[in-house]
Amino acid sequence: MKQNLPIGISDYRVLKERNLYHVDKTLMIKEFLDNNGTMITLITRPRRFGKTLNMSMMAEFFDIKKTSKDIFENTNIMETEYASYINQYPTIFLTFKDANDTKKRSYLI
């Protein structure tokens with residue numbers, strides 16, 4: 001079956017529900033949980049490298065207000081001991097992806 005590319009899609013649920021082409025990065029959740037002694041996790045990547053999509057995936061997995069078992073079916077994370085963590089935690093998801101700089105700035109060189 002041919003799958004379309006998810007160009008411009010940064011919502012994990014949309015990506016899964018539309019059956020768009022993607023690489024299963026759900027083991028990032030396991031890696032995050034394995035580093036539970038770390039107080040702060042900083043995820044850095046260049047622009048357009050999937051930061052918002054990965055954070056959306058994590059929010060879908062943890063958020064207690066959601067029911068996400070269907071979109072995580074047949075993913076790597078569901079084959080780990082962390083599968084029981086799905087939708088068990090209060091979650092806050094913030095993104096600045098759509099923030100615009102509306103001020104005209106001039107820089108001195």
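Residues in this text count as buried under 20% relative accessible area, as exposed over 50%, and as partly exposed in between. Please keep in mind that the model is predicted.

**Close-up A. Lys30 and Asp34 pair up in helix H2.**
The side chains of these two residues, Lys30 and Asp34, meet in a salt bridge with an N to O distance of 2.8 Å. Helix H2 covers residues 27-34, and Lys30 and Asp34 sit four residues apart in it, which means that about one helical turn separates them. How exposed is Lys30? With a relative accessible area of 25%, Lys30 is partly exposed. Asp34 is also partly exposed, because its relative accessible area of 38% falls between the 20% and 50% limits. Elsewhere, salt bridges that share partners bring Arg13, Glu17, Glu60 and Lys66 together in one network. That network is the topic of the next views.

**Close-up B. Arg13 and Glu17 meet within helix H1.**
A search of the whole structure turns up four salt bridges, and one of them joins the side chains of Arg13 and Glu17 at 3.3 Å, N to O. As a reminder, side chains of opposite charge can pair when their charged atoms come close. Helix H1 spans residues 12-17; Arg13 and Glu17 are four residues apart in it, so about one helical turn lies between them. Are the two partners buried or exposed? Arg13 is buried, at 19% relative accessible area, while Glu17 is exposed, at 54%.

**Close-up C. A salt bridge links Arg13 to Glu60.**
Here the closest N and O atoms of Arg13 and Glu60 are 3.0 Å apart. Because Arg13 belongs to helix H1 and Glu60 to helix H3, the pair ties together parts that are 47 residues apart in sequence. Arg13 and Glu60 are both buried.

**Close-up D. Asp70 and Arg13 are 9.8 Å apart in space, C-alpha to C-alpha.**
In sequence, 57 residues separate Asp70 from Arg13. Asp70 is found in the segment after H3. Its relative accessibility of 49% makes Asp70 partly exposed, because that class ends at 50%.

**Close-up E. Thr80 is buried in the segment after helix H3.**
Why does Thr80 count as buried? Its relative accessibility is 18%, and the limit for buried is under 20%. A polar atom of the Thr80 side chain lies 2.7 Å from the backbone oxygen of Ile77. Leaving out residues up to four places away in sequence, Thr80 touches Leu27 and Lys30. Lys30 may look familiar from the first view, where it forms a salt bridge with Asp34.

**Close-up F. Asn74 and Asn87 have positive phi values.**
Phi of Asn74 is near 65 degrees, and phi of Asn87 is near 55 degrees; each is a positive value in a residue other than glycine. Asn74 is placed in the segment after H3, and Asn87 is placed there too. Which of these residues is buried, and which is exposed? Asn74 is exposed, with 72% relative accessible area, whereas Asn87 is buried, with 11%.

**Close-up G. The largest pocket has a volume of about 1200 Å³.**
Its lining is made by 36 residues; Gly50, Lys51, Thr52, Leu53 and Asn54 lie nearest the centre. Which elements give two or more residues to this lining? They are H1 and H3. H3 gives the most, with nine residues. Sorted by class, the lining of the largest pocket has 22 nonpolar, nine polar and five charged residues.

**Close-up H. The second largest pocket holds about 170 Å³ of space.**
The residues that line this second pocket are Met28, Glu31, Phe32, Asn35, Thr38, Thr41, Leu42, Ile43, Arg45 and Met58. Helix H2 supplies the largest share of the lining, three residues. By class, the lining of the second largest pocket divides into five nonpolar, three polar and two charged residues.

Definitions and conventions:
Residues are numbered from 1 along each chain as its sequence is written. This is a predicted model: local features need pLDDT of at least 70, side-chain atom pairs count only at pLDDT 80 or more; totals for chains, interfaces and linings use all residues. Side-chain values use heavy atoms; hydrogens and water are left out. Buried means under 20% relative accessible area, exposed over 50%, partly exposed in between (1.4 Å probe, protein chains only). A polar contact is a pair of N or O atoms within 3.5 Å; within protein, one must be able to donate a hydrogen and the other to accept it, and residues adjacent in sequence count only if both atoms are side-chain atoms. Contact means heavy atoms within 4.5 Å. On a 1 Å grid over the protein atoms alone, a cavity is a set of points where a 1.4 Å probe fits but cannot get out, and a pocket is an open set with protein on both sides within 12 Å along at least five of seven lines; lining residues have an atom within 4 Å of a point. Grid points are joined across faces, edges and corners, and a volume is the space filled by probe spheres set on the points. Ala, Val, Leu, Ile, Met, Phe, Trp, Tyr, Cys and Pro count as nonpolar, Asp, Glu, Lys and Arg as charged, and the others, Gly among them, as polar.
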